Every structure is written in structure tokens, then in C-alpha cells.
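Grab the coordinates and work through these exercises one at a time. Each comes with a solution to check yourself against.

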Amino acid sequence: MSLQLYDTSVRTVREFVPVEPGRASIYLCGATVQAPPHIGHIRSGVNFDVLRRWMIRSGYEVTFCRNVTDIDDKIIRVAAAENVPWFAVAERNQRAFTWAYEVLGCLPPTVEPRATGHVPEMIELMDRLIAAGHAYAAEGDVYFDVMSYADRYGSLSNQKLQNMRAAGDTDTDSCKRDPRDFALWKGEKPGEPTWPTPWGRGRPGWHLECSAMATKYLGSTFDIHGGGVDLIFPHHENELTQSQAAGDGFARYWMHNGMLKIGAEKMSKSLGNSLLVPEVTKKVRPVELRYYLAAPHYRSSIDYSEEALFEAAVAYQRIEGFVTRAAEVIHDVDAHAPLPQAFSDALDDDLGTPQALAVVHEVVREGNVALAQGNKEQVARLLAETQNMLDVLGLDPRSEQWRSSGGETGMRATVDALVAVALEQRQAARARKDFSAADGIRDQLSHAGIHVEDTPQGPRWELSR
């Protein structure tokens, strides 16, 4: 089975055929950095990280471009409210996003362009659009003329132009030929950052930025454009329109992940219901949060609850427990062992992570049986399958990412040393047949949140939940 992906532009699943055989190019709409990230933001990063990892495992050479929108109306408003420079707001929040992507195990992008570093490319794109009759300058602003592209505008979002409302991206529509025209460039205003252009000083519009950055790094026609479903209109619609109107093929596939909600509300900063990544990773480990975000199908919505979050953590711990126990028996794991066909088929079917994880759990169940039976050959095969599947999903507990996740490494070593002393005392009590003392030590550890399991290789421990 070849890789099949749901393409928003045609509203169906279709076979992935890259522009260049053996290579895949992905542009992911990254952060608009007016605030630190909540887990709804990072879901997109995790979903497309799984896609990227699966493509790499499938033999593609992947170029992954994830942009940063570091100038925007919202950033300017936050800066004004805090009485700090706009770039200070952008910089601190970009660092927060970078930390969140990294702590959840997302591979670093091939390139991560900032909007403010690509104004020359934006000017060139506007120049092409004006020359082609699809854009016009008006009192320092530059607008895209939607009527000049009326037969195509709305195709991505499946809307008709006559049913669309005003763009609402400027304080007034007095300079526009049509209220639905959208801003490519916003003229100079007091207190706002500006860059020089042939049409006057000003700053870029949101949609223009992504078109310029995507084509600079991935070419005029590239494979996949991704982002949250909330970006389909107007952002992605406008990107596609202005790029194709300028003569670029732009993205051949459009992929959109579902939203993360609290109740009926989309998780957003404006609603005040956001859950920041640093706060959630105090409740569960980062790898468990990644499991929670990756487990549902990327196109489905997630209704957040702590109960569901903790259930995901427990599910991951079951997988982790098998890997840990099996690794005590099998020391050399075949990193090139074939993946179960059902796992590969699941991911080839529009990145079906729920079905893929069902395969992981089934293999883990078989592995636990093999461990109980002492079948080392079977354990070795199933451990290799499990770790290789988890590697594709970015969830392998034995990977460097999760074995050394920040300050947890030193704390784990300290706790390990203290528990080791208690377990030595317990073993000594059992050796002298003082089972009451041995049970007392085990109970004390249990009360401290440490679960002790006796195995043929000796006692092992893990933190209880």
C-alpha cells in the first residue's frame, strides 16, 4: 500500500506522489508568537512530526520548513500593552515555542524562517501580482484584488465569492476596490515597525509572509502545506490564491489537523482556556503528553480533559513497562527489524495513528506473554518491533530524547540511588527470612509513590501514578 493522504483541496484521500521522486517537501504554518504555546498549538507540531518521521522511514528525503510569524497585529498589541518593543515579545515567545517543540520530541525543522527576514521576497511577490493585474497599491497599502481571480478564489475552503464577508483585516475598507480584497502590505502607522517598499513604508500582511517563505525554501511548486483546520480560511485560501495568481503551482496537497477543545470551545488564548505546555508537563511527563496528542487521528478534534490525559499516560506506561522489562533480558535490539504490516498499512492510510497504536499495544501484549514464558527469541523479535514502531511515532522510551529529558535525568539518578539502598535493605531482610521487615520496606516505598516488582532478574521499580 502506498502512502494515501487526505487533501483538503479536493476533500478526499488520494495517493501521495511527490514533485520529485524520493523527496518530500513540507511547509507547516508555525507559530504567531504573541504568546507562549498551549498544547493546542503544539498538537500541529506533533502531528506533522509523525508524518515526517513516517516519510523518512518510508525512504523519502524530507525537507521540512516551519515558519515563525514574528510580526503581526496581535504581537504589536501585546507589545503596546506591555510597553516593550515588538521584537522583545516575538523573541521571548519564539523561544517558548522552540522549547515546547523540543520537549515534546519534535525533530528540528530543516529550516525555520522568520517573516521579518523575508521582506525582499515579499516585495518581489507583490511586484509580480501587481504586474499581472491581481493586486493594486492604495495610499501605502497593497491589496489582492479578489475579483481578478473570482473563478478560483474560494476553491480550497469550498466557498463561493458571493457568500464571503469583508476581509476585516484593516481598520477601514475605504482604500479597497472590494471589501473582500485582502491586505498584502499595510502602510506605515505611528509606533509600528516598518520596512521600505516601492509603494511606501509599512509591514507585511499575514498571508503574504507564508507564500514568500514557502516558495523561497521549497520551490514554486512543493508537496505538502500543513496547519490547523482553523487556518483553511482565510489564511490558506489567501496563500493559495496569491501564489497561483503570481504563477506558482504552490502546494500540491493541503493537510489540516483538527482542533483541541475544552468542552465546546476551541482552545485559544482569547478565550482564556489555554493550557500552557510547561503547566501540562507538570501533570504528566512530556512523552506522555506527546502520546496524548499523537494517539487520536490528526484530523479529529480532541476534547481535553485531565481524565483523558491521565488515561493516555497510563496507556503509554504499559508500553514503556514492556520495553523496560524486555530490555533487561535482550540487550541488542535490531533497529532494522521489519515493521508489522498492519502498522505500516495504518500509517499509509492517511496517517492512521489510532490503528497504528492498536498494533503497538497488541505486540506489547504478545511480548508480555513471551516474557512470562521465558521465550527470549520471541521477546527479542517483539521488542525490536515495538521499539521500531515507537521510533516512527517519536515515543521510544529508550531513545536519547526520553532517557535524558532535561533536569529529570539528574533527579531520576538521585531517586534511583536512594531506592537502591532501600531495596538492598529489603533483600537483606528477605535473606534472613525477616519477611515482616521486607514487606514494611516495600510498603514504605509504595506510600512514597514507588512501585516495586520482583522479577527473575531481581527487583525493579517505577513511579506509581
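**Exercise 1.** Find what arginine 14 lies over, and what the charged end of arginine 177 sits over.

*Solution.* Start with arginine 14: it lies over the face of tyrosine 253, 3.9 Å from the ring centre. Next, go to arginine 177, whose charged end sits over the ring of tyrosine 136 at 4.0 Å from the centre. Keep in mind that this is a predicted model.

**Exercise 2.** Classify the ring pair of tryptophan 86 and phenylalanine 87, then decide whether tryptophan 86 is buried, exposed or partly exposed.

*Solution.* A pair of aromatic rings is described by the distance of the centres and the angle of the planes. Here the centres are 5.8 Å apart. The planes meet at 85°, and planes over 60 degrees apart count as edge-to-face, so that's the label for tryptophan 86 and phenylalanine 87. For the second part, tryptophan 86 has 21% relative accessibility, so it counts as partly exposed. By the pairing rule, the count of aromatic pairs comes to 14.

**Exercise 3.** Do the same for tyrosine 153 and phenylalanine 182, and say where each one sits in the chain.

*Solution.* Distance first: the ring centres lie 6.2 Å apart. The planes are at 25°, and under 30 degrees counts as stacked, so this pair is stacked. Now for location: tyrosine 153 belongs to the loop between β6 and β7, while phenylalanine 182 is in strand β7, so to speak 29 residues away along the chain. The pair thus links distant parts of the chain. Both residues are buried. Finally, look around them: Phe144, Tyr149, Tyr153 and Phe182 form one aromatic cluster.

**Exercise 4.** Work out the strand order of the open four-stranded sheet, and explain why β5 and β8 each have one side without a neighbour.

*Solution.* Trace the pairings and you get β5-β6-β7-β8, antiparallel. β5 (135-138) and β8 (202-204) stand at the edges with a single partner strand each, so one side of each has no neighbour in the sheet. Neighbouring strands are turned by 20° against each other on average, ignoring direction. Zoom in on β6 (residues 141-144) and β7 (residues 182-187): three bridges join these antiparallel strands. Valine 142 stands opposite tryptophan 185 in β7. To finish, add helix α4 (residues 119-131), which packs on the sheet and touches β5, β6, β7 and β8. The direction of α4 makes about 125° with that of β7.

**Exercise 5.** What does UniProt list for residues 31-41, and how far apart are the end C-alpha atoms?

*Solution.* The unreviewed UniProt entry gives "short sequence motif: 'HIGH' region" for residues 31-41. In the model, the end C-alpha atoms of that span lie 8 Å apart. Its make-up is 27% helix and 18% strand.

Key
Residues are numbered from 1 along each chain as its sequence is written. This is a predicted model: local features need pLDDT of at least 70, side-chain atom pairs count only at pLDDT 80 or more; totals for chains, interfaces and linings use all residues. Side-chain values use heavy atoms; hydrogens and water are left out. Two strands pair if DSSP finds at least two bridges between them. Helices (H or I, at least four residues) and strands (E, at least two) are DSSP runs, numbered from the N terminus. Axes are lines fitted to C-alpha atoms, for helices over the stretch in contact, and angles run from 0 to 180 degrees between N-to-C directions. Contact means heavy atoms within 4.5 Å. UniProt positions are given in the numbering used here, feature names are shortened, and annotations may be inferred rather than shown by experiment. Rings of Phe, Tyr and Trp (its six-membered ring) pair if their centres lie within 6.5 Å; planes under 30 degrees apart count as stacked, over 60 as edge-to-face and the rest as tilted. Buried means under 20% relative accessible area, exposed over 50%, partly exposed in between (1.4 Å probe, protein chains only). A charge sits over a ring if NZ of Lys or CZ of Arg is within 6 Å of the ring centre and within 35 degrees of the ring normal.
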